[in-house]
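The following questions and answers walk through a structural model, from its overall make-up to individual side chains. Please look at the structure first.

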Amino acid sequence: MPEPPVALGQVLRSGPRRFLLSAWPLRCWALMVSGAVVGYVALTVLAVLVGLGLLLSPLGIGLVLLTAAVSGAVPLGALERRRLRLVEREPVPDPHASLSGAGPLAWLRTRLRERATWRELGYAALLGLVFAPAGFGVAVLLAFSGILVATPVIVWALAPEPVMLVPGRALSGPLEGLAGTAAGLLGLAVAAYAAALLSGAQTGVARMLLGPREEDARVLELTRSRVRLVDAFEAERRRIERDLHDGAQQQLVALSMTLGLAERELRGVPGTAGAAELVARGRSEAKQALAQLRELVRGIHPQVLSDHGLAAAVAEVALRHPVPVTVDLDRVPRLPGPVEATAYFTVTEALANAAKHSGASRVEVGGRVAGGTLKITVTDDGRGGADPAAGAGLAGLADRLAVLRGRLVVSSPVGGPTVLRVEVPCSG
């Protein structure tokens, strides 16, 4: 069917002739009849899952069935938004947040927290209890009207068998069946208007329950703002790293070489021993500044993190750490850049805190990806007693993780051990 040039309401107000002779009745009938099939199937599946879920909830499997009943409303909502295009020029937008790259468990957790999922569940119940019976009624009226329209053909095909429109009175021939045709055409017109009115009502309910609301838009905009913030931080970090590497670092190298040449020249001139010593000291300090600058650049974003990933970058930090560190991140694959950077700096800060404050003799770092979430644990055998509320260190880590919707859990009883659990969604 071609795309309707105007809205359904406009065609209904334009008069019966324009409406009945257009493709709109066919569109409305298709929506209502297909809705009867989809609605009854959805109602049956929903009733079975909810019934069995409540019955088997003491065994644990019931919770799985109830979760399936709720999450099943999401694909049903997507199907209904597509079906509504039969009578709607403007598609109903998807109210859900994008979860590209998220695993099944992360997808399920997010969808169960979204209000749109529960509105879709309510729409599924309305579809099965209200719109499906209405669609079935339209289908029955449509079928009966179609039979009446074909009355002359039926009389001719079944002759000499009697055909009765009114009980006890057989039609004498096809011409007498034209009265049935007239009644059938009237029934088709009634079915067309009934389907149009029901389609309009269903469309209004669907836009209210299946489309985004203002609070959904705010959540989506917050997510987009968070992503823009992460991208801005990453761009600024790369700019600072580039400026330090190509600007200040190169100037310090040139300064060190110049001071070296000056020192060589002064060594051969009598009476300049003191000046040569000062130049040598300046050259040494320039070398120290260069080493510190290189360490700073490496700390901003180590090249090994970009080239080889989180496991290699943390292993490199562990080699330079004053406390022995065991790293088990081999099961962590390459992840989006912001996720790897956030996890890396969180782990390095945790290792720095362990070296400065814990008095630990060893530290263990382990991690894996499960359910679309990177989970890392940093454990030390120090004295414990770390309090996130006592300083900005742990609170800063939590804030960094919150930018990517991650979280930090700290367990640090007095006497140790201290365990930091880091969770970062891999969808970033």
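Q: Is valine 37 buried or exposed?
A: This is a predicted model, in which local features need pLDDT of at least 70, side-chain atom pairs count only at pLDDT 80 or more, and totals for chains, interfaces and linings use all residues. Residues are numbered from 1 along each chain as its sequence is written, and side-chain values use heavy atoms, with hydrogens and water left out. Buried means under 20% relative accessible area, exposed over 50% and partly exposed in between, with a 1.4 Å probe and protein chains only. Because its relative accessible area is 53%, valine 37 is classed as exposed.

Q: Which residues form a nonpolar patch on the surface?
A: Patches are made of residues with over 30% relative accessible area and no salt bridge, like charges being joined within 9 Å and nonpolar side chains (Val, Leu, Ile, Met, Phe, Trp, Tyr) within 5 Å. Valine 37 has its place in helix H3, residues 24-56, where helices (H or I, at least four residues) and strands (E, at least two) are DSSP runs numbered from the N terminus. With about 260 Å² of accessible area together (Shrake-Rupley method, 1.4 Å probe; for residues, only the protein chains shown count as cover), the members of the patch are Val37, Val41 and Val45.

Q: How many salt bridges does the count come to?
A: A salt bridge is taken as a side-chain nitrogen of Lys or Arg within 4 Å of a carboxyl oxygen of Asp or Glu. Among the residues involved, Arg81, Asp94 and Glu120 are linked in a network of such bridges. By this rule the count comes to ten.

Q: With which residue does glutamate 80 form a salt bridge?
A: Side chains of opposite charge can pair when their charged atoms come close. Glutamate 80 counts as buried because its relative accessibility is 0%, and its partner is likewise buried, at a relative accessible area of 8%. The two lie three residues apart in helix H5 (residues 73-83), about one turn of the helix. With the closest N and O atoms 2.8 Å apart, the partner of glutamate 80 is arginine 83.

Q: Which residue meets arginine 207 in a salt bridge?
A: The N to O distance of this bridge is 2.8 Å, and the residue that arginine 207 meets is glutamate 88. The pair links distant parts of the chain, 119 residues apart, with arginine 207 in helix H9 (residues 178-210) and its partner in the loop between H5 and helix H6 (104-113). Arginine 207 is partly exposed because its relative accessibility is 31%, whereas the 18% of its partner counts as buried, and that partner is glutamate 88.

Q: What handedness does the β-α-β unit of E3, helix H14 and E4 have?
A: Strand E3 (residues 325-328) and strand E4 (residues 363-370) pair in the parallel sense over four bridges, where pairing needs at least two DSSP bridges between the strands. Valine 325 stands opposite valine 363 in E4. A crossover is right-handed if, with the strands pointing away from the viewer, the path from the first strand over the helix to the second runs clockwise. The unit made by E3, helix H14 (residues 337-358) and E4 is left-handed.

Q: Is threonine 418 buried or exposed?
A: Threonine 418 lies in strand E7, residues 418-425. Leaving aside neighbours within four places in sequence, its contacts (heavy atoms within 4.5 Å) are Val378, Thr379, Asp380, Gly384, Ser411 and Ser412. Because its relative accessibility is 6%, threonine 418 counts as buried.
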